[in-house]
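Subject: Two-chain model, handed over with notes

Hello,

Here is the structure we spoke about, followed by notes on what turned up in it. Please read them with the model open.

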Amino acid sequence: MYDWLLFLHLLAAFMVAATAVMYSAVALGASPGTPTIRVADALWNIGGLGTLILGIWLALYVDGYEIWDGWILGAIAVWLIATGTGERARTELAERTGGFAAVHWVRTLAVLGLLVLMVWKPGA
Amino acid sequence: MTLLAAIRPDDWNLPLFLHLLGAMTLVGALLLVAVSLAGAGRGGSVATVRLGFRALLFAALPAWILMRGTAQWLESEENLDEDPPEWVDLGYLISESTLLLLIGATVCAGLAARRARRGVVGGGGLSRAVVVLVAISLVAYLVAIWAMATKPS
């Protein structure tokens with residue numbers, strides 16, 4: 001059970017990271033086309049929900065973790081930042097406003113922050 | 001058992017972080033290549049084909065090097081290098097065989113970009129070859145992610 005939860009949680013994290021990579025190409029000036037953006041958005045939606053739900057499930061399942069551990073609460077807060085900036089990046093890109101790149105890089109930093117928290121688990 | 005699985009020495013954290021960063025960037029770059037070039041044959045622009053080439057050359061290959069180098073570092077930190085378990089061998093088998101596919105895909109994408117510049121729509125059959133090579137790599141990486149997470153044997 002633990003192995004499959006971890007595998008699916010990791011897979012969801014790969015989807016989130018893939019969106020960050022795909023949007024980074026746009027932020028760096030590439031024009032990958034509408035289908036690519038659609039796939040990136042779908043990966044973000046599935047991966048975002050997957051990381052949260054499976055992450056909470058893992059926190060409840062693993063004996064050494066509690067949902068109120070500082071690093072888990074911190075990860076949920078960073079996840080909320082990533083989700084908010086991700087939504088804003090999507091809107092900015094669709095409306096072709098100038099703020100897209102800045103919002104996207106904040107989202108990418110949040111995704112990196114999540115990875116740091118998941119690996120180091122400060123306080124665990 | 002689940003408690004044991006969650007405990008990891010601090011020394012492993014940096015190589016693990018870099019390994020995951022490399023692997024995630026690699027998979028993201030390959031997905032970008034696959035999706036953007038999949039539509040290139042149906043009237044894709046020169047820019048789309050060039051993006052596929054650049055994503056392979058400047059993102060996927062460096063990410064592969066980071067992923068593979070830190071895998072070796074992790075193996076040595078975990079003292080698995082003398083008698084590596086099956087999941088480690090599987091990881092190396094997948095990473096090394098897909099490197100050949102990635103090099104082949106990068107060469108094909110470069111040639112496709114050159115053809116697209118000369119007016120061949122979407123780089124011709126070479127773009128399709130890139131998509132196939134990248135798709136095979138992505139399936140192999142899915143198996144690798146499963147093996148690294150579940151550590152069979």
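Helices and strands here are DSSP runs, numbered from the N terminus, with at least four residues needed for a helix and at least two for a strand. On that basis the elements of chain B run α-α-α-α-α from the N terminus on, that is, five helices and zero strands. Please keep in mind throughout that this is a predicted model.

Chain B overall

Chain B has 153 residues, and buried residues make up 48% of them. Of the contacts in chain B between residues at least 6 apart in sequence, 78% join residues at least 24 apart.

L102(B) gives a local view of this chain. L102(B) sits in helix α4 of chain B, which covers residues 86–117, and it counts as buried at 0% relative accessibility. Leaving aside neighbours within four places in sequence, L102(B) is in contact with L26(B), L30(B), L61(B), W64(B), S137(B) and Y141(B). S127(B) is 25 residues from L102(B) in sequence, and the two C-alpha atoms are 13 Å apart in space.

The interface

How many residues of each chain are in contact across the interface of chain B and chain A? There are 28 from chain B and 33 from chain A. The area buried between the two chains is about 2700 Å², and carbon and sulfur atoms give 81% of that. The rule finds zero salt bridges across this interface. For residue pairs in polar contact, with both residues at pLDDT 80 or more, the number across the interface is also zero.

On the side of chain B that touches chain A, at least two residues each come from α1 (2–6), α2 (13–38), α3 (46–77) and α5 (125–150) of chain B. The most comes from α2(B), with 16 residues. By type, that side of chain B divides into 20 nonpolar residues, seven polar and one charged.

Salt bridges

Over all chains, the search finds three salt bridges. One joins the side chains of R90(A) and D41(A), at 3.6 Å from N to O. This pair links distant parts of the chain, with R90(A) in helix α3 (residues 70–95) of chain A and D41(A) in helix α2 (residues 34–61) of chain A, 49 residues apart. D41(A) has a relative accessible area of 15% and is therefore buried, the cut-off being under 20%.

Another joins R88(A) and E92(A), whose side chains meet at 3.2 Å from N to O. Both residues lie in helix α3 of chain A, four residues apart, or about one turn of the helix. E92(A) is buried, at 12% relative accessible area.

In chain B, R68(B) forms a salt bridge with E96(B), and the closest N and O atoms are 2.4 Å apart. Here too distant parts of the chain are linked: R68(B) is in helix α3 of chain B and E96(B) in helix α4 of chain B, 28 residues apart. Is each partner buried or partly exposed? R68(B) is buried, with a relative accessible area of 14%, whereas E96(B) is partly exposed at 38%.

Aromatic pairs and a buried histidine

The structure holds four aromatic pairs over all chains. In one of them, the ring centres of Y23(A) and F100(A) are 5.9 Å apart and the planes are at 40 degrees, so the pair is tilted. Y23(A) lies in helix α1 (residues 2–27) of chain A and F100(A) in helix α4 (residues 100–120) of chain A, so the pair ties together parts that are 77 residues apart in sequence. Both rings belong to buried residues: Y23(A) is at 1% relative accessibility and F100(A) at 8%.

Y65(A) and W71(A) form an edge-to-face pair, 5.2 Å centre to centre with 80 degrees between the planes. Both Y65(A) and W71(A) are buried.

Y23(A) is also one of the residues touched by H104(A). H104(A) is found in helix α4 of chain A and is buried, with a relative accessible area of 0%. Not counting residues up to four places away in sequence, the others that H104(A) touches are A20(A), S24(A), A27(A) and A89(A).

Backbone points to check

K121(A) is not a glycine, yet has a positive phi of about 45 degrees. K121(A) is placed in the segment after α4 of chain A and counts as buried at 15% relative accessibility. In chain B, K151(B) also has a positive phi, near 45 degrees. K151(B) is in the segment after α5 of chain B and is partly exposed, with a relative accessible area of 39%.

Regards

How values were computed
Residues are numbered from 1 along each chain as its sequence is written. Chains are lettered from A and ligands numbered from 1 in the order in which they are written. This is a predicted model: local features need pLDDT of at least 70, side-chain atom pairs count only at pLDDT 80 or more; totals for chains, interfaces and linings use all residues. Side-chain values use heavy atoms; hydrogens and water are left out. Contact means heavy atoms within 4.5 Å. Buried area is the accessible area (1.4 Å probe) that two parts lose on being put together, summed over both. A salt bridge is a side-chain nitrogen of Lys or Arg within 4 Å of a carboxyl oxygen of Asp or Glu. A polar contact is a pair of N or O atoms within 3.5 Å; within protein, one must be able to donate a hydrogen and the other to accept it, and residues adjacent in sequence count only if both atoms are side-chain atoms. Ala, Val, Leu, Ile, Met, Phe, Trp, Tyr, Cys and Pro count as nonpolar, Asp, Glu, Lys and Arg as charged, and the others, Gly among them, as polar. Rings of Phe, Tyr and Trp (its six-membered ring) pair if their centres lie within 6.5 Å; planes under 30 degrees apart count as stacked, over 60 as edge-to-face and the rest as tilted. Buried means under 20% relative accessible area, exposed over 50%, partly exposed in between (1.4 Å probe, protein chains only).
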